[in-house]
2 protein chains.
Amino acid sequence: MAVVDLKKADATQASLHRIFTVPEAPDSTLGRIEKEISENLNVFLQTHIAAREKPLAEIEKDFSSAALPENPTFVSDHTHFLLNKLVAQSVHTSAPTFIGHMTSALPYFLMPLSKIMIALNQNLVKIETSKAFTPLERQVLGMLHNLIYDEPEPFYDRWMHSANHSLGAFCSGGTVANITALWVARNNALKPDGAFRGVAQEGLFRAMKHYGYEDLAVLVSERGHYSLKKAADVLGIGRDSLIPIKTDNNNRVVVSEMKAKLDELKAKNIKPFAIIGVAGTTETGTIDPLSELADLAHAYGCHFHVDAAWGGATLMSNKYRHLLNGIERADSVTIDAHKQLYVPMGAGMVIFKNPALMTAIEHHAEYILRKGSKDLGSHTLEGSRSGMAMLLYASLNIISRQGYEMLINNSIEKAHYFAGLIDAHPEFELVTHPELCLLTYRYVPARTQQALTLATADERETLLAALDDLTQFIQKRQRESGKSFVSRTRITPEKWDRRLTTVFRVVLANPLTTENILQDVLAEQVEIAKQSIISSPQIRTLTDHILTRHNTE
Amino acid sequence: MAVVDLKKADATQASLHRIFTVPEAPDSTLGRIEKEISENLNVFLQTHIAAREKPLAEIEKDFSSAALPENPTFVSDHTHFLLNKLVAQSVHTSAPTFIGHMTSALPYFLMPLSKIMIALNQNLVKIETSKAFTPLERQVLGMLHNLIYDEPEPFYDRWMHSANHSLGAFCSGGTVANITALWVARNNALKPDGAFRGVAQEGLFRAMKHYGYEDLAVLVSERGHYSLKKAADVLGIGRDSLIPIKTDNNNRVVVSEMKAKLDELKAKNIKPFAIIGVAGTTETGTIDPLSELADLAHAYGCHFHVDAAWGGATLMSNKYRHLLNGIERADSVTIDAHKQLYVPMGAGMVIFKNPALMTAIEHHAEYILRKGSKDLGSHTLEGSRSGMAMLLYASLNIISRQGYEMLINNSIEKAHYFAGLIDAHPEFELVTHPELCLLTYRYVPARTQQALTLATADERETLLAALDDLTQFIQKRQRESGKSFVSRTRITPEKWDRRLTTVFRVVLANPLTTENILQDVLAEQVEIAKQSIISSPQIRTLTDHILTRHNTE
């Protein structure tokens with residue numbers, strides 16, 4: 001019995017050893033599995049559906065046990081499970097008909113290249129575990145710095161590879177990038193001063209007592225990304241101190257309102273340490289007047305951060321980069337490469353104009369990140385990090401600035417086309433015009449549009465509420481039917497007296513999305529709406545009632 | 001001319017379109033490139049060297065221009081560049097001779113499986129962009145919760161897939177996990193109370209005034225990971241408020257010292273809101289007495305966090321999991337899957353005992369993370385995130401608990417073997433014994449060991465300082481020669497009167513590291529040391545002087 005156990009243990013050990021060993025032959029089991037995965041994925045990626053119709057509760061059944069698997073599974077068996085239960089039940093976020101979120105198609109060359117990242121498994125926290133990946137990541141940060149700030153060559157020669165400096169931080173995404181920017185801004189605003197050793201060392205409570213402020217504040221448009229509230233919470237500033245400033249008809253922050261708020265804060269002895277400009281709001285795709293915000297930040301001595309997580313890639317377009325004028329005056333800029341720079345999920349960046357700014361968050365440790373080293377880990381919120389920068393590096397080289405310009409221009413122009421389509425359609429209402437490649441709209445039957453102009457206040461509210469429900473219904477039904485996907489959000493359009501209104505939200509960043517697809521999306525929505533209005537007659541009845549009253553008056 | 005430009009633009013556009021399209025045939029250009037990459041990586045991964053000898057300044061030359069590439073590059077050309085300049089100049093972190101950091105070999109099945117993650121490019125922030133990946137990630141968090149807390153099945157049925165709850169957060173690594181745990185602890189310690197709406201909303205300054213504390217504190221062993229200081233900075237607590245507690249001869253925190261400190265803080269009206277136990281210190285691999293710390297946390301009403309980023313995987317071993325006894329009483333636990341769970345870089349987790357704890361950091365947004373949704377993004381510090389949990393899921397299934405146990409047991413026993421080897425060698429000094437698979441040691445010539453026992457205080461200090469230099473020299477030279485890699489750190493051994501001492505640090509988690517390799521590592525170090533002592537005679541001369549004096553006395 002003991003002998004049998006021992007033999008079994010030996011066999012298990014040998015098989016464990018084998019799974020860590022590089023397979024010798026391309027026709028090995030793993031080689032065959034890889035081929036099968038590739039073929040399956042190719043079919044999945046060529047099937048232009050957004051998702052299959054299956055309720056989440058059904059899917060959860062396949063992932064319901066919290067028990068750790070006690071016995072090993074063959075790689076081939078588990079691969080089949082993943083293909084059947086995970087891949088087949090996944091959302092095809094890169095389908096040309098998936099136009100709802102800021103996820104897009106990936107250039108196909110990234111599939112083979114990402115093998116390098118996975119297989120080498122470098123850790124960018126320090127040079128000892130990353131070697132050439134560290135200079136590569138520093139170069140990528142330099143290129144992005146160059147894209148935003150366009151400093152002369154000697155600047156990059158001096159700073160790009162400088163130990164103890166960093167032009168920015170590569171991180172998992174825009175949220176960590178925004179937190180990092182505000183962390184730097186907070187630490188610089190409450191920096192060491194005489195006997196006070198700075199907020200990093202002594203904490204916020206003592207910092208506030210030392211500087212004698214009543215409170216801190218960060219100012220941003222009411223359309224600012226939700227990650228900024230999270231940042232205010234994490235950094236100990238408090239969500240209340242992230243002060244939302246009104247936007248105009250075009251969803252741009254009203255600079256005079258921000259100025260008035262700054263004066264008000266000053267009078268109350270509250271320190272506004274940062275102003276944030278949004279370059280591409282998440283919900284409407286709008287760009288704040290960055291130059292004017294830069295003036296304001298300068299006048300009031302605030303850190304000027306631009307959240308260009310989504311819109312920053314527009315700088316690649318010589319035709320449209322003027323939309324972001326003023327960004328070159330920002331102290332820091334967030335850009336997500338996994339959005340309009342078309343690399344896989346998990347590639348955010350924050351870039352700092354001044355290479356010395358990040359020393360406010362510098363840290364060291366004995367076994368790692370020693371002073372004077374070129375380790376990137378001494379200026380990042382995260383610790384261990386993968387070599388993701390490599391995929392952006394490859395894309396920048398293979399696609400090039402000109403290629404990116406074409407992608408950006410196409411996206412913007414496609415959004416203009418779609419806006420025209422919506423505007424010309426009698427049953428749709430364009431809610432926000434696209435400035436970049438994002439727009440919002442909703443379905444309103446033509447007769448109801450007319451009725452809304454004739455309705456009493458109560459009737460109008462009833463209709464608008466019913467339209468909100470209808471928009472939500474259409475969006476859900478369209479998603480569930482799996483042919484295409486638009487997202488939805490709630491915004492406060494001027495036209496509807498800033499009433500919180502549910503709208504469709506469309507992001508047109510996928511180069512494979514055709515004009516035909518856009519026509520089909522509208523046609524499908526009309527179809528769903530018609531069925532819904534027949535089955536739930538509230539909108540129709542009230543519309544009829546209002547129009548009849550009008551015609552008999 | 002205009003026509004030519006237009007044609008050129010059309011051609012560029014067509015080629016852009018093509019890069020986003022799935023290649024039809026396996027013998028396509030991309031298919032050939034993928035084959036070449038795989039073959040190249042297989043050679044790299046089979047070459048058992050830690051790195052090639054090339055100065056960083058040389059490598060930087062290949063990554064020196066901050067100019068954005070203006071024109072596209074062929075995928076094949078760029079692939080060759082990457083293979084020659086990036087791969088060839090990378091550190092082979094999974095080489096069996098790379099025993100210096102917490103990066104290890106990856107099971108080879110992860111290479112094909114990671115294709116699924118990259119190609120599907122899901123975004124776990126919300127179900128609409130992840131679908132089956134969300135239940136999968138929730139299941140992985142459930143399995144890890146089960147591994148730590150072993151709750152009965154109905155617990156997981158109730159909470160694992162519950163909207164508005166989360167058993168933890170998957171994140172990029174241990175640093176974000178530790179920040180998340182302390183964020184939750186801080187927000188719960190300074191929670192809403194009467195008119196005060198909580199620190200998340202009102203910020204730290206008001207929270208402190210409301211609760212009337214003089215200051216906050218977090219207590220941890222002096223061996224705590226540097227990310228905890230970063231967390232204290234980010235969260236506005238201040239690095240000073242992370243209070244290091246003395247460790248004993250075995251590098252475990254002295255619980256009585258921690259208790260004394262808690263009393264001292266209490267007397268000063270300072271609120272210690274969290275106690276951290278370390279389960280596998282980064283520098284010595286030691287585990288704190290977790291049960292006693294749990295008692296203390298309970299008695300003083302603190303959040304009890306265990307940083308098991310590295311050591312947590314030991315729970316997979318029925319033979320050794322007793323070393324972490326008491327971890328099941330932690331309010332939160334950090335575990336890195338990219339360490340001893342053998343998945344690629346970028347897979348950290350924080351697990352919370354109580355599913356309600358994370359509501360302290362809950363957040364929502366209009367277009368995403370609506371209340372009542374099962375979106376994982378409402379309880380994570382990060383926003384958009386990749387489907388990395390899938391690779392851990394696959395490893396848990398394919399390797400299984402039994403397989404992991406074998407890996408963990410082998411690693412620990414290999415460390416004991418290596419410790420024995422060092423102990424038996426006349427020229428080495430074992431500085432910290434391995435509790436898990438990590439140990440520290442240094443080279444000290446046998447005669448110098450004798451001389452140290454006879455030296456005057458001044459001589460001793462001179463010798464120890466010279467030995468620090470020697471350790472550093474050996475480590476660097478061994479790294480540069482590229483055959484093998486150990487890391488180094490500085491610790492304060494009891495034996496040397498807590499003098500800050502430079503030591504080699506070895507992590508033996510790679511299943512392919514053989515006993516022969518360990519013998520070779522020592523032999524190489526002896527060789528390097530001998531050359532160094534000949535060329536820099538300080539240690540030899542002083543040793544001779546002391547021993548001669550002794551022999552003539």
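1. Let's start with Asp150(A), which counts as exposed because its relative accessibility is 60%, above the 50% cut-off for that label. Please keep in mind throughout that this is a predicted model. Asp150(A) sits in the loop that links helix H6 (133–149) to helix H7 (153–159) of chain A. Its backbone deserves a look too: phi is positive, at about 50°, although Asp150(A) is not a glycine.

2. A second aspartate to look up is Asp497(A). Its phi is near 50°, again a positive value in a residue other than glycine. You will find Asp497(A) in the loop between strand S10 (487–491) and strand S11 (501–507) of chain A. With a relative accessible area of 59%, Asp497(A) is exposed.

3. Now turn to Leu381(A), in the loop that runs between strand S7 (348–352) and helix H14 (389–424) of chain A. Is this leucine buried or exposed? Leu381(A) counts as buried, because its relative accessibility is 3% and the limit for that label is under 20%.

4. Which residues does Leu381(A) touch, once those up to four places away in sequence are set aside? Within chain A, they are Val176(A), Ile179(A), Thr180(A) and Trp183(A). From chain B come Thr175(B), Val176(B), Ile179(B), Lys230(B) and Val234(B). So this buried residue has contacts in both chain A and chain B. Cys171(A) makes a good landmark here: 210 residues separate it from Leu381(A) along the chain, yet their C-alpha atoms are 8.1 Å apart.

5. His210(A) offers another stop on the tour. It belongs to helix H10 (residues 204–211) of chain A and is partly exposed, with a relative accessible area of 34%. Leaving out neighbours within four places in sequence, His210(A) is in contact with Asp193(A) and Phe196(A). If you measure from His210(A) to Gly277(A), 67 residues along in sequence, the C-alpha to C-alpha distance is 29 Å.

6. Stepping back to the fold, chain A contains 18 helices and 11 strands. How does its radius of gyration fit a compact globule? For 553 residues such a globule would have a value near 24 Å, and the 27 Å of chain A agrees with that. Along the principal axes, the C-alpha trace spans about 95 × 70 × 50 Å.

7. A few totals help to complete the picture of chain A. Of its 553 residues, 65% count as buried. Among contacts with a separation of 6 or more, 71% are between residues 24 or more positions apart. The exposed area is about 19400 Å², with carbon and sulfur atoms supplying 52% of it. As for charge, there are 57 positive and 62 negative side chains, and the centres of these two sets lie 2 Å apart.

8. Finally, the domains. The assignment for chain A gives domain 1 as 31–51 + 91–107 + 401–553, and domain 2 as 168–354, so domain 1 is listed in separate stretches of the chain. Taken over C-alpha atoms, the centres of domain 1 of chain A and domain 2 of chain A are separated by 31 Å. Between them, 31 residues of domain 1 are in contact with 34 residues of domain 2.

Conventions:
Residues numbered from 1 in each chain as written. Chains lettered and ligands numbered in written order. Predicted model: local features only at pLDDT ≥ 70, side-chain atom pairs only at ≥ 80, totals over all residues. Heavy atoms only, no water. Helix = DSSP H or I, 4+ residues; strand = E, 2+ residues; numbered from the N terminus. Rg over C-alpha atoms; globule rule 2.2 N^0.38 Å. Buried < 20%, exposed > 50% of the residue type's maximum accessible area, 1.4 Å probe, protein only. Contact = heavy atoms within 4.5 Å. Areas by Shrake-Rupley, 256 points an atom, 1.4 Å probe, with all protein chains shown as cover. Lys, Arg positive; Asp, Glu negative; His and termini not counted. Charge placed at Lys NZ, Arg CZ, Asp CG, Glu CD.
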